[in-house]
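Trainee: I would like to learn how to read a new structure. Could you walk me through this one?

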Amino acid sequence: MPDLPPLSLYIHIPWCVQKCPYCDFNSHALKGEVPHVEYVQHLLRDLENDLPLTHGRAVRTIFIGGGTPSLLSGEAMQMLMDGVRARLPLATDAEITMEANPGTVEADRFSAYQLAGINRISIGVQSFDPQKLERLGRIHGPDEAKRAAQLAEGLHLRSFNLDLMHGLPDQSLEEALSDLKQAIALNPPHLSWYQLTIEPNTLFGSRPPTLPDDDALWDIFEQGDRLLTAAGYQQYETSAYAKPG
């Protein structure tokens with residue numbers, strides 16, 4: 001069916017250790033243990049129900065998001081990916097991305113995820129400032145974020161991404177650019193650098209923090225964009241920057 005666009009698959013892992021105050025995604029603070037095997041079985045049954053919609057087309061990209069997919073065990077990720085491959089044809093060069101949080105325990109699972117077929121990891125850094133991380137409800141510190149990025153680079157994956165936020169509560173221009181410089185120093189092939197927005201039905205939505213004003217936000221973006229361009233990154237989407245190729 002030459003007129004149809006390339007096929008992609010999104011897989012959702014809904015749990016987090018705790019819910020971040022800015023997050024409006026379908027994610028839930030974990031109560032008890034992750035039902036690894038049972039949840040994967042349900043996902044694969046859902047996939048089977050949707051197979052008639054694929055018309056046998058090959059999948060070009062898979063994105064495993066959340067929540068926090070890196071709460072899933074290496075064994076469960078292997079079971080999930082084996083199940084997907086048994087049910088869908090994957091393109092030989094398929095990009096398979098998984099979101100991960102930089103907690104030490106989760107980072108140690110990266111090699112198991114790679115064995116399962118993950119070839120791109122997107123790491124939710126958000127900031128390298130301990131106070132800003134705490135304000136955002138993040139449970140990792142800057143050293144854990146750097147370790148996770150270094151580990152991802154050391155695995156020689158196809159690529160890895162760092163998620164970084166700016167326009168944080170009471171964030172100065174200098175603080176925003178410091179975060180960006182630390183991210184660039186880790187040399188990720190891809191950087192998602194996006195502005196914090198206050199969404200309805202979130203904790204920040206009900207109790208909004210003080211954010212930089214529009215002029216300050218523009219200064220952050222303008223100077224940050226210059227930093228990224230000078231470091232060899234190309235902006236191809238509102239918040240997305242990648243090295244050439």
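Mentor: Gladly; we will go from the whole chain to the sheet, then to one helix and a few single residues. Keep in mind that this is a predicted model.

Trainee: Let us begin with the whole chain. How many helices and strands does the chain have?

Mentor: There are 9 helices and 10 strands in the chain. Its C-alpha atoms fill a box of roughly 50 × 40 × 35 Å along the principal axes.

Trainee: What radius of gyration would a compact globule of 245 residues have, and what does the chain have?

Mentor: The expected value for a compact globule with 245 residues is near 18 Å, and the chain has 19 Å, which agrees. Two other values help with the overall picture. Of the 245 residues, 48% count as buried. Also, among contacts with a separation of 6 or more, 76% are between residues 24 or more positions apart.

Trainee: Now the sheet. How do strands hold on to each other in general?

Mentor: Strands of a sheet pair through backbone hydrogen bonds, and the pairing is either parallel or antiparallel. In this model, 8 strands form an open sheet with mixed pairing, in the order β1-β4-β5-β6-β7-β8-β10-β9.

Trainee: Which strands stand at the edges?

Mentor: β1 (7-13) and β9 (234-237) do. Each has a single partner strand, so one side of each is left without a neighbour in the sheet. From one strand to the next, the twist averages 20 degrees.

Trainee: Is β1 mostly covered or mostly open, and how many of its residues are buried?

Mentor: β1 is mostly covered, with 5 of its 7 residues buried. Its link to β4 consists of 7 bridges, and the two strands run parallel. For a pair to look for, Ile13 stands opposite Gly66 in β4.

Trainee: How many bridges join β4 to β5?

Mentor: There are 5 bridges between β4 (residues 59-66) and β5 (residues 90-100), and these strands run parallel. Here you can look for Ile62, whose bridge partner in β5 is Ile96.

Trainee: Let us turn to a helix. How far does α6 reach from its first C-alpha to its last?

Mentor: Helix α6 (residues 142-154) has 13 residues and reaches 18 Å, close to the 18 Å expected at 1.5 Å a residue.

Trainee: Which residues of α6 are buried?

Mentor: They are Pro142, Ala145, Ala148, Ala149 and Ala152. These residues cover an arc of only 125 degrees around the axis, which puts them on the same side of α6. On the other side of α6 you will find Asp143 and Gln150, which are exposed.

Trainee: Where does Leu151 fit in: is this residue buried, exposed or partly exposed?

Mentor: Leu151 belongs to helix α6, and with a relative accessible area of 29% this residue is partly exposed. Leu151 and Ser111 also show how distance in sequence and distance in space can be read together: they are 40 residues apart in sequence and 9.0 Å apart in space, C-alpha to C-alpha.

Trainee: What about a residue in a loop, such as Ser73 in the loop between β4 and α2?

Mentor: Ser73 counts as buried, at 15% relative accessibility. Leaving aside neighbours within four places in sequence, Ser73 is in contact with His36, Arg109 and Tyr113.

Trainee: Finally, what should I expect of the backbone in general?

Mentor: Most residues other than glycine have a negative phi, and most peptide bonds are trans. Here are some places that depart from this pattern. The peptide bond from Gly66 to Gly67 is cis, with omega near 20 degrees; Gly67 lies in the loop between β4 and α2.

Trainee: Which residue with a positive phi follows α6?

Mentor: That is His156, with phi near 55 degrees. Two asparagines have a positive phi as well. Asn187 is not a glycine, yet its phi is about 60 degrees; this residue sits in the loop between α7 (173-185) and β8 (190-195). Asn201, also not a glycine, has a positive phi of about 60 degrees and is found in the loop between β8 and α8 (203-206).

Trainee: What are the relative accessible areas of Asn187 and Asn201?

Mentor: Asn187 is partly exposed at 38%, whereas Asn201 is exposed at 80%.

Notes. Residues numbered from 1 in each chain as written. Predicted model: local features only at pLDDT ≥ 70, side-chain atom pairs only at ≥ 80, totals over all residues. Heavy atoms only, no water. Helix = DSSP H or I, 4+ residues; strand = E, 2+ residues; numbered from the N terminus. Expected span 1.5 Å × (residues − 1). Buried < 20%, exposed > 50% of the residue type's maximum accessible area, 1.4 Å probe, protein only. Arc of directions from axis to C-beta. Pairing = 2+ DSSP bridges. Axes fitted to C-alpha atoms, helices over the stretch in contact; angles between N-to-C directions. Rg over C-alpha atoms; globule rule 2.2 N^0.38 Å. Contact = heavy atoms within 4.5 Å.
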